[in-house]
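Colleague: Got a minute to walk me through this one? I'd like to hear about the fold, the core and the rings.

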Amino acid sequence: MGGLLRKAVEERKNFLIQMLKKNGISKEVEAELSTWPLTELEEEYKSWLFQQNYGMDPGKISLNKTQ
């Protein structure tokens, strides 16, 4: 079971790295991607997707409806 999970994690990491490289992540960051844990790669990819869909950084959005 552990080997299967490890393989799945590595495949997901490889997919995310390839997507980030293909979509223009900076060369400085690109060199380090393989050392990032899966959670950091997921967050970076989600941030990139959000920027593509909404044109802004998700960290700069207020979800408070009163603002």
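**Burial, core and ring pairs**

Modeller: Happy to. Of the 67 residues in the protein, 19% are buried (under 20% relative accessible area; exposed is over 50%, partly exposed in between, with a 1.4 Å probe and protein chains only). Bear in mind that this is a predicted model, where local features need pLDDT of at least 70, side-chain atom pairs count only at pLDDT 80 or more, and totals for chains, interfaces and linings use all residues. Residues are numbered from 1 along each chain as its sequence is written, and side-chain values use heavy atoms, with hydrogens and water left out.

Colleague: Sure. How many helices and strands are there in the protein?

Modeller: There are 3 helices and 0 strands, counted as DSSP runs numbered from the N terminus (H or I, at least four residues, for helices; E, at least two, for strands). The order from the N terminus is α-α-α.

Colleague: And which residues make up the largest nonpolar core?

Modeller: That core has 10 residues: L16, I17, M19, L20, I25, L33, W36, L41, Y45 and W48. By nonpolar core I mean buried Ala, Val, Leu, Ile, Met, Phe, Trp, Tyr and Cys residues joined through side-chain atoms within 4.5 Å. Both α1 (2-22) and α3 (38-54) supply at least two of its residues, and the largest share, 4 residues, comes from α1.

Colleague: What is L20 in contact with, leaving aside its neighbours within four places in sequence?

Modeller: L20 is in contact with I25, L33, L41, E44, Y45 and W48, contact being heavy atoms within 4.5 Å.

Colleague: Switching to rings: how many aromatic pairs does a search of the whole structure find?

Modeller: It finds 2. Rings of Phe, Tyr and Trp (its six-membered ring) pair if their centres lie within 6.5 Å; planes under 30 degrees apart are stacked, over 60 edge-to-face, the rest tilted. The F15 and Y45 rings have centres 6.2 Å apart and planes at 70°, so that pair is edge-to-face. Because F15 lies in helix α1 and Y45 in helix α3, the pair ties together parts 30 residues apart in sequence.

Colleague: Is Y45 buried or exposed? What about F15?

Modeller: Y45 is buried, at 12% relative accessibility, while F15 is partly exposed at 38% relative accessible area.

Colleague: And the other pair?

Modeller: Y45 and W48 are stacked, 6.0 Å centre to centre with 20° between the planes. Both lie in helix α3, 3 residues apart, about one turn of the helix. Ring pairs thus link F15, Y45 and W48 into a cluster.
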